[in-house]
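Trainee: Please take a close look at one residue and its surroundings. I would like the setting built up step by step.

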Amino acid sequence: MLKITDLHASINGKEILKGIDLVVKPGEVHAIMGPNGSGKSTLSAVLTGNPAYEVTRGSVEFYGKDLLALSPEDRSHEGLFLSFQYPVEIPGVSMVNFMRTAVNEQRKYRGLEPLSATDFLKLMREKRAIVELDNKLASRSVNEGFSGGEKKRNEIFQMAMLEPRLSILDETDSGLDIDALRIVAGGVNKLKSEKNATIVITHYQRLLDYIAPDFVHVLYKGRIVKSGGPELALELEERGYDWIKKELGEI
Amino acid sequence: MSAVQQYIDLYHSQKNLIAGHSSPVMNALRDEAMALLESKGLPTLKDEEYRRTDIEALYAPDYGLNLGRVNIEINPYEVFRCDVPNLSTLLYFVVNDTFYTQAQPAAAKLPEGVVAGSLCEMARQYPQLVARYYGKAADMKRDGTVALNTAFAQDGFFLYIPDGVVVEKPIQLVNILRGNVDFMVNRRLLIVVGKGAQAKLLVCDHSDESSVRFLASQVCEIFVDDDAVFDYYDMEESSENTAKVASVFVRQGARSNVLVNGIVLHNGVTRSNYYSTFDGEHAELSLCGMGIVDKEQSVDTYTYIDHAVSHCHSNELFKYVLNDSARGSFCGRILVRHGAQKTEAYQGNKNLCASPLAKMYTKPQLEIYADDVKCSHGATIGQLDQNALFYMRSRGITEAEARMLLMFAFTNDVIEQVRLDALKDRLRQLVEKRFRGELAKCSGCQACR
């Protein structure tokens with residue numbers, strides 16, 4: 001479904017991604033790990049079309065379409081989802097209004113009628129249960145005054161509402177206590193199917209105890225320098241990143 | 001020749017005509033008003049308080065005035081497309097500057113003792129009552145536009161709520177501007193709310209679709225006696241050819257509670273002055289407003305709250321959204337006088353410039369002569385939050401829709417101040433329509449381009 005080829009990207013003229021190659025197929029879970037500043041969040045930002053970043057070389061195909069030519073909203077309509085590392089607070093825009101607009105824009109893109117108010121609320125109720133999101137939060141402004149854990153649960157709730165084909169979870173475990181982590185990971189697992197895929201961006205093995213990856217990639221200085229199975233994550237947890245740097249001849 | 005001269009000449013040549021079509025109470029102030037205008041003139045761009053609106057340019061054209069009170073053929077229900085329909089109100093019309101007598105609620109619908117109707121007519125029927133208040137709050141020395149209005153105003157709206165009377169139903173006054181030539185109107189509103197009385201007034205301004213220019217001068221005096229509660233909503237939905245110069249003067253008695261909310265949904269050039277004085281202790285004022293301007297539209301607000309006595313509380317919040325080449329200005333002055341201890345005065349002005357050409361000027365001015373007070377002010381001018389925009393787009397919300405939602409959210413806390421649920425709901429819809437460019441007279445907003 002996703003084919004990244006020789007992707008280079010920069011922000012304010014500074015090159016962050018220096019040639020990424022990655023193929024993701026339906027049903028797969030990929031973990032991308034790496035030290036701070038290696039370009040993990042940049043990769044998620046570039047894939048979802050954050051206008052702050054500039055793609056300088058390479059291509060990204062998503063179900064045969066040129067992903068980089070699409071607007072952020074159309075990437076979402078095509079089934080791409082990013083769970084933000086830092087979900088944005090939007091005072092004055094209610095969760096209900098926000099979600100209804102998002103769901104109906106997606107339906108419009110797919111040539112479907114907007115959901116009726118009743119059907120929409122039913123859908124909200126159903127999906128809220130997946131991450132045990134309180135009804136009170138759903139009636140508040142988007143992320144405003146939410147705790148760290150509530151924000152992340154809200155991200156997975158939105159993912160459940162939009163039913164993406166490819167989800168990118170950017171440091172979804174950061175700032176979560178163990179209970180919140182279990183709920184969030186549980187939500188992600190419930191949404192997993194043979195048809196969709198997940199890219200988990202994380203620092204630690206912790207989240208991967210709950211969301212089992214099929215592939216683990218190490219991102220370092222804007223490149224994927226090592227790929228392997230789940231055992232690679234365990235090795236990183238144990239040994240840190242220095243041995244990889246050593247392998248690269250840096251130390 | 002300065003802009004003011006034509007009004008001076010007109011006054012002296014038509015004095016009898018003006019007086020003949022008005023009431024003695026209103027006529028009594030005219031000569032003094034004209035003398036003040038002659039000596040002081042209209043405000044100019046050099047006046048600190050008028051630096052952002054060129055009053056002389058607004059008053060310079062050769063407008064027609066209906067001093068002879070020629071009947072204007074109009075069915076206000078036809079022209080009137082005020083978009084607050086779900087609201088059941090006691091509805092009155094002022095067409096140009098003449099109270100429209102053919103369409104007003106039966107007197108039986110008003111609680112006993114309440115007087116509502118033509119200011120000119122009521123000043124004839126109740127001369128002592130009107131004379132006790134007319135011109136007593138509107139300070140002509142302060143502002144040439146108020147003096148000019150006082151010299152020329154012949155009619156308008158009068159509302160009197162006797163002591164202890166609660167008017168449950170909101171009262172609505174619809175001002176309609178209509179003309180075949182460039183036209184000036186001088187409207188006058190006088191509102192008296194007695195001790196312990198309660199009422200809500202919604203004033204809506206509309207202009208018809210013609211391409212002529214309108215200049216609407218309006219002076220509104222509001223007297224709220226001890227323990228009374230009064231809401232004043234002013235909503236402008238006029239045309240780009242309309243200039244409005246309006247002053248609202250509020251006097252508040254002890255323990256009274258007043259809400260003033262000025263909303264500019266669509267306009268040409270709007271200058272609003274809000275003056276408020278606390279005459280009795282423990283009174284509360286909530287003064288707020290919002291404006292949505294784009295294209296070449298302009299909105300300029302000046303507020304002056306006089307904490308003359310102790311233990312009063314004022315809360316001020318004005319928010320503006322500016323798009324295209326629109327201009328906005330806010331100047332908020334708060335005076336806390338000697339001895340006005342335990343005053344609480346808060347002021348906020350927040351503005352959103354949604355385009356690089358939009359300009360906003362904001363100036364808080366606090367003058368505090370008491371030492372046991374709580375006062376604050378905050379002024380911000382910002383752009384749409386890019387992070388929020390991207391967040392919404394990443395969820396599939398189109399950029400135009402996301403911008404609309406953010407602008408709508410920005411104005412929401414002023415709408416929240418409305419103490420009339422039906423109006424609040426309606427306002428939300430109107431503001432959304434406005435941002436989508438669906439308001440009748442709006443043809444080119446951001447969201448629909």
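Mentor: Here is a walk outward from one tyrosine, B:Y274.

This is a predicted model; local features need pLDDT of at least 70, side-chain atom pairs count only at pLDDT 80 or more, and totals for chains, interfaces and linings use all residues. Residues are numbered from 1 along each chain as its sequence is written, chains are lettered from A in the order in which they are written, and side-chain values use heavy atoms, with hydrogens and water left out.

B:Y274 sits in strand β12 of chain B, residues 269–278. Strands are DSSP runs of E, at least two residues, numbered from the N terminus. B:Y274 has a relative accessible area of 7%, so it is buried (under 20%, 1.4 Å probe, protein chains only). B:S247 is 27 residues away in sequence, yet the C-alpha atoms are 5.9 Å apart. Beyond four places in sequence, the contacts of B:Y274 include B:V248, B:L287, B:Y302 and B:F318 (heavy atoms within 4.5 Å).

Now the cavities. A cavity is a set of points on a 1 Å grid over the protein atoms alone, where a 1.4 Å probe fits but cannot get out; lining residues have an atom within 4 Å of a point. Points are joined across faces, edges and corners, and volume is the space filled by probe spheres set on them. There are 7 cavities of 30 Å³ or more. The largest holds about 110 Å³. It is lined by 14 residues, and B:Y274 is among the closest to its centre, with B:G262, B:I263, B:V264 and B:S272. Strands β9, β10, β11, β12 and β15 of chain B each supply at least two lining residues.

Conventions:
Helices (H or I, at least four residues) and strands (E, at least two) are DSSP runs, numbered from the N terminus. Buried means under 20% relative accessible area, exposed over 50%, partly exposed in between (1.4 Å probe, protein chains only). On a 1 Å grid over the protein atoms alone, a cavity is a set of points where a 1.4 Å probe fits but cannot get out, and a pocket is an open set with protein on both sides within 12 Å along at least five of seven lines; lining residues have an atom within 4 Å of a point.
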